[in-house]
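Me: I should like to learn how to read a protein model. Could you guide me through the one shown here?

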Amino acid sequence: MPIERVYKGNSISEVVEILGQYEKDAKLIAGGTDIIIDIRNEKIKPKVLIDISSIEELRKIEENEDYIEIGGAVTFTQIVESEIFTNNLYGLNKASRLVGSPQIRNKGTIGGNIANGSAAADSVPPLICLDSTLIIESINGIREIKLEDYYKDHIKIRENELITKIRFKKPKENQILSFSKLGLRKALSISRLTISILLELDEEEKIKNIKVSSGALARYPMRELEVEEFFLGKTLDEENINAGIIVLQKSMDKRLEGRPTLPYKRVAVERMLREALYQGANFLNKAVEV
Ligand SMILES: Cc1cc2nc3c(=O)[nH]c(=O)nc-3n(C[C@H](O)[C@H](O)[C@H](O)COP(=O)(O)OP(=O)(O)OC[C@H]3O[C@@H](n4cnc5c(N)ncnc54)[C@H](O)[C@@H]3O)c2cc1C
């Protein structure tokens, strides 16, 4: 079935209306880095495409005292170039900087990365650690959903919906977001494995708060709750880090049982978990031996 019409969206309200009109016959296109491949491979056959890439409202990164909001059509390059994602939010900069190639980063958007629903979407683990909320609009109104639940409950984006924003509360100054990735090829990698950590240490250098999220270690990006529970209240010494790696591996053994990639992933997470923890601890200027 050929594409019959391409709309160039000018505003959120206009896009929502067109989506409502065509429902499953229409598809949004932002950077096109995922959807063009799907259309070429005839995985999807939309009649109508709605281009949202030049809608200003969707291309803003906004910050107030408490929250940061990233528009659904913000590109990875915008995130890399934003001063907001430095210092303790550096993990999101790193995740965006390691996406594909410069061309992919210039075109690919954070909304497309989430909506595409891949287990290996690089922006998702750091955004889960930040407890992000998706703001989604359709002709039926606005709904909000935690990014973590969006994946966990397999609540995929509905046909007539647009992700307008991703919102999260700013972490405290003494909390740091880190990111570690193992890709197949550096220049054009579709991420195979990622780990992101939000870390806070107390005065005794014990872990006061920790959120750990992984990409491609399960069917969807997820919190690693057993690992979080293990590290809480502990110091970041080699003994604890090694024991924490085993907790993660055991958890993977359960959910990836029988998968041919499991042995490789078990080895890969050793370096990644260690790296993400050290990045955080080094930023917080705590004495951790590497
Ligand atoms: C060579 C190559 C390398 C890549 N490397 C990586 C990598 O290292 N890491 C990584 O994570 N990804 C990678 N990708 C995948 C891709 O670039 C990302 O997933 C990107 O973020 C998709 O965004 P997009 O704007 O291009 O989405 P599109 O292709 O425009 O859309 C993807 C899907 O999301 C929907 N959509 C888009 N925007 C919205 C919105 N605001 N609301 C609701 N639905 C929406 C579309 O309808 C479509 O179904 C790579 C892709 C290629 C081709």
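Reply: Let us begin with a definition: helices and strands are DSSP runs, numbered from the N terminus. The model shown is a predicted one. Its chain holds eleven helices and twelve strands.

Me: How does one judge the overall form, and what radius of gyration does the chain have?

Reply: One sets the radius of gyration beside the value for a compact globule. For 290 residues that value is near 19 Å, and the chain has 19 Å, so the two agree. Along its principal axes, the C-alpha trace spans about 60 × 45 × 35 Å.

Me: What percentage of the residues count as buried?

Reply: A residue is buried when its relative accessible area is under 20%. In this chain, 51% of the 290 residues meet that description. The accessible surface amounts to about 14200 Å², and carbon and sulfur atoms hold 48% of it.

Me: What share of the contacts joins residues 24 or more positions apart?

Reply: Among contacts in the chain with a separation of 6 or more, 60% are between residues 24 or more positions apart.

Me: Where do the charges lie on average, and how many are there of each sign?

Reply: The chain has 43 positive and 45 negative charges. Their mean positions are 5 Å apart.

Me: Let us turn to a single helix. How many residues of helix 4 are buried?

Reply: The general idea comes before the case. An α-helix has 3.6 residues a turn, so residues three or four places apart point the same way. Helix 4, which covers residues 90-97, is mostly covered, with six of its eight residues buried. The buried ones are Gly91, Leu92, Asn93, Lys94, Ala95 and Ser96.

Me: Which elements do the buried residues of helix 4 pack against?

Reply: Two strands and several helices are to be named here. The strands are strand 5 (67-71) and strand 9 (175-183). The helices are helix 3 (76-81), helix 5 (102-107), helix 7 (124-129) and helix 11 (262-283).

Me: Where is Thr75, and is Thr75 buried or exposed?

Reply: Thr75 is located in the loop between strand 5 and helix 3. Its relative accessible area is 5%, and therefore Thr75 is buried. Beyond its neighbours within four places in sequence, Thr75 is in contact with Arg59, Arg105, Asn106, Lys107, Gly108 and Thr109.

Me: I should like a second loop residue. Why does Asn160 count as buried?

Reply: Asn160 counts as buried because its relative accessibility is 9%, and the cut-off is 20%. This residue belongs to the loop between helix 8 (147-152) and strand 8 (162-169). With neighbours within four places in sequence left aside, Asn160 has contacts with Leu19, Glu23, Glu137, Ser138, Ile139 and Asn140. One of these, Glu23, also makes a side-chain polar contact with the side chain of Asn160, at 3.4 Å.

Me: What can be said of Glu23 itself, and what is its phi?

Reply: Phi is a backbone angle to be read residue by residue. In Glu23, phi is near 45 degrees, a positive value in a residue other than glycine. Glu23 sits in the loop between helix 1 (12-22) and strand 2 (26-29). At 38% relative accessibility, Glu23 counts as partly exposed.

Me: What is phi of Glu205, and where is that residue?

Reply: For Glu205, which is a residue other than glycine, phi has a positive value near 65 degrees. Glu205 lies in the loop between strand 10 (191-201) and strand 11 (207-215). With a relative accessible area of 31%, Glu205 is partly exposed.

Me: Which residues does Glu148 contact, leaving aside neighbours within four places in sequence?

Reply: Glu148 is in contact with Ile128 and Arg223, once neighbours within four places in sequence are left aside. The side chains of Glu148 and Arg223 are joined by a polar contact of 3.3 Å. Glu148 is placed in helix 8 and, at 16% relative accessibility, counts as buried.

Me: How is Glu226 placed, and which residues does Glu226 touch?

Reply: Glu226 belongs to helix 9, residues 225-231. Its relative accessible area is 38%, so Glu226 is partly exposed. Not counting residues up to four places away in sequence, Glu226 touches Val247, Ser251 and Lys254. From Glu226 to Ile136 the C-alpha to C-alpha distance is 30 Å, and the two are 90 residues apart in sequence.

Conventions: Residues are numbered from 1 along each chain as its sequence is written. This is a predicted model: local features need pLDDT of at least 70, side-chain atom pairs count only at pLDDT 80 or more; totals for chains, interfaces and linings use all residues. Side-chain values use heavy atoms; hydrogens and water are left out. Helices (H or I, at least four residues) and strands (E, at least two) are DSSP runs, numbered from the N terminus. Buried means under 20% relative accessible area, exposed over 50%, partly exposed in between (1.4 Å probe, protein chains only). A polar contact is a pair of N or O atoms within 3.5 Å; within protein, one must be able to donate a hydrogen and the other to accept it, and residues adjacent in sequence count only if both atoms are side-chain atoms. Contact means heavy atoms within 4.5 Å. The radius of gyration is taken over C-alpha atoms; the globule rule is 2.2 Å times the number of residues to the power 0.38. Accessible areas come from the Shrake-Rupley method with a 1.4 Å probe; for residues, only the protein chains shown count as cover. Lys and Arg count as positive and Asp and Glu as negative; His and the chain ends are not counted. The place of a charge is taken as NZ of Lys, CZ of Arg, CG of Asp or CD of Glu.
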